[in-house]
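This report describes the fold, helix packing, salt bridges and backbone features of a single model. The sequence and structure are shown first.

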Amino acid sequence: MDTLDRRNARAPRVTAAMVAARAGVSTATVSLVANGKTQGRVSDDNISRVRTAIAELGYVVDSIGSSLARGVSSIVILVTPDVSNPFFANVIAGVRESLGSEYQLLLSVTDAGESPQADDVRKLLALRPAGLLVGAPSAQFLEDLSAAGPLVLLDAPGLESFAPSVNLDVAQGARQLARHLASLGHRRAAYVDGVTGTTTFQLRREAFLEEASRCGLSVADGHIVSTSIDVGAAAAAFADAWPEWQREGVTAVVCGTDTHAYGVLQEARVEGVRIPEELAVAGFDDLPYSATSNPGLTTVHLPATPLGRKAGEQLKGLMEGLPLDEPHVTLESTLVVRGSTAPS
């Protein structure tokens, strides 16, 4: 066998029986030590010998395999949009915090701007997950999925009939933002939306437009553009639209996410547009960079980590067979005013 063959040759999987033989104990004793269930059942000497054998052989407990033998795994699947978006990274952190080490979190991630496909998720259900979390789904996805077992939805307003849910009151923050801009004297605004087609983006846009209309802040149909959640795409969309918006007196741009707003701020600097003197810019999410950008970004704070944490708590209760005191939870959004908005 040459060097390349030796490198590609796979070492045999270390089994509990191999550890037992090395330590001179039974496989049952190995299982007790490996799973931390030794108290009153395994002597200190045997514990020491098993741990030494585990370290020498590189044994790893096949927790997935053993749990599958019981009919369900310790896996929790989280179906989420583009994981590169810092908002979803914070949601994931909250989920992991609430689930703890007892469960293994498996991500099913779609490409940026694309919705999850039921067929893709169904393939993962063959792992017999203990539970399923789905972020920002569509009704069609949930109908196609028809998943059995514990299920909790995140940021899925209007879809409460499908499963327990933890939602964000995005409309509240959107209305606050419209009133804020109107109070500063802005009368014509534009809106940069996401193209995901999920209900949460529709709600934040509609709530903003309705409140803006009541406040005397006009957003014409031609002043609404949609693009993927990407800084470069948002910058390009703003570059195309800005000359016309400027001629028509637009003095504020509201973005469906902070990521869109970063693109607008970037292109505005390229075009020499002064923020906020000539143009106010605002977003949604309140990502970490929004507080330190120049200028700081006015945005609607959406509690991403608490969203993930509460959803994980709800799912954990379902997986443990506990009744939910509150199957449907809504977390508040709040407006955070920073330097990117100022009087027109």
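A residue counts as buried under 20% relative accessible area, as exposed over 50%, and as partly exposed in between. The model discussed here is predicted.

## The sheet

Six strands form an open sheet in which the pairing is parallel, and their order is 2-1-3-4-5-11. Strand 2 (104-109) and strand 11 (328-332) each have a single partner strand, so these two edge strands leave one side without a neighbour in the sheet. On average, and with direction ignored, neighbouring strands are turned by 20° against each other.

Within this sheet, strand 3 (residues 131-135) pairs with strand 4 (residues 151-154) in the parallel sense, over four bridges. Glycine 135 is placed opposite leucine 154 of strand 4.

## Helices on the sheet

Helix 6 (residues 86-99) packs on the sheet and touches strand 1 (75-80), strand 2, strand 3, strand 4 and strand 5 (165-169). The direction of helix 6 makes about 155° with that of strand 2. Helix 9 (residues 170-183) lies across strand 5 and strand 11, and runs at about 5° to strand 5.

## Helix-helix packing

Helix 9 also packs against helix 10, at an angle of about 35° and with the axes 8 Å apart. The crossing of helix 9 with helix 10 is right-handed. On the helix 9 side the contact includes Val170, Ala174, Leu177, Ala178 and Leu181, and on the helix 10 side it includes Leu203, Ala207, Phe208 and Ala212. Charged residues also take part, among them Arg175 and Arg179 of helix 9 and Arg204, Glu211 and Arg214 of helix 10. The residues of this contact divide into ten nonpolar, one polar and five charged.

Helix 6 and helix 13 pack at an angle of about 35°, with their axes 6 Å apart. Helix 6 passes helix 13 in a right-handed crossing. Helix 6 contributes residues including Phe87, Val91, Gly94, Val95 and Leu99, while helix 13 contributes residues including Ala304, Leu307, Gly308, Gly312 and Met319. Here the division is seven nonpolar, six polar and four charged residues.

## Salt bridges

Eleven salt bridges are found in a search of the whole structure. One of them joins the side chains of glutamate 56 and arginine 22, with an N to O distance of 2.7 Å. This pair links distant parts of the chain, since glutamate 56 belongs to helix 4 (residues 44-57) and arginine 22 to helix 2 (residues 16-23), 34 residues apart. Arginine 22 is partly exposed, at 47% relative accessibility.

Arginine 205 and aspartate 193 form a further salt bridge, whose closest N and O atoms are 2.4 Å apart. Arginine 205 lies in helix 10 (residues 199-214) and aspartate 193 in strand 6 (residues 189-194), twelve residues apart. Arginine 205 is partly exposed, with a relative accessible area of 21%, whereas aspartate 193 is buried, with 3%. A salt bridge within helix 13 (residues 304-319) has glutamate 313 and lysine 310 as partners, with 3.9 Å from N to O. These two residues are three residues apart in the helix, and therefore about one helical turn separates them. Both count as partly exposed: glutamate 313 has 40% relative accessibility, and lysine 310 has a relative accessible area of 27%. In addition, Arg179, Glu211 and Arg214 are joined into one network by salt bridges that share partners.

## Backbone features

The peptide bond between isoleucine 275 and proline 276 is cis, with omega about 10°. Proline 276 is located in the loop between helix 12 (258-271) and strand 9 (280-285). Another cis peptide bond runs from asparagine 294 to proline 295, where omega is near -5°. Proline 295 occupies the loop between strand 9 and strand 10 (298-301).

Positive phi values also occur in residues other than glycine. Arginine 128 has a phi of about 55° and lies in the loop between helix 7 (118-124) and strand 3. At 44% relative accessibility, arginine 128 is partly exposed. Aspartate 155, with phi near 50°, lies in the loop between strand 4 and strand 5. The relative accessible area of aspartate 155 is 9%, which means that this residue is buried.

Notes: Residues are numbered from 1 along each chain as its sequence is written. This is a predicted model: local features need pLDDT of at least 70, side-chain atom pairs count only at pLDDT 80 or more; totals for chains, interfaces and linings use all residues. Side-chain values use heavy atoms; hydrogens and water are left out. Two strands pair if DSSP finds at least two bridges between them. Axes are lines fitted to C-alpha atoms, for helices over the stretch in contact, and angles run from 0 to 180 degrees between N-to-C directions. Contact means heavy atoms within 4.5 Å. A salt bridge is a side-chain nitrogen of Lys or Arg within 4 Å of a carboxyl oxygen of Asp or Glu. Buried means under 20% relative accessible area, exposed over 50%, partly exposed in between (1.4 Å probe, protein chains only). A crossing is left-handed if the near helix is turned anticlockwise from the far one by less than a right angle, and right-handed if clockwise.
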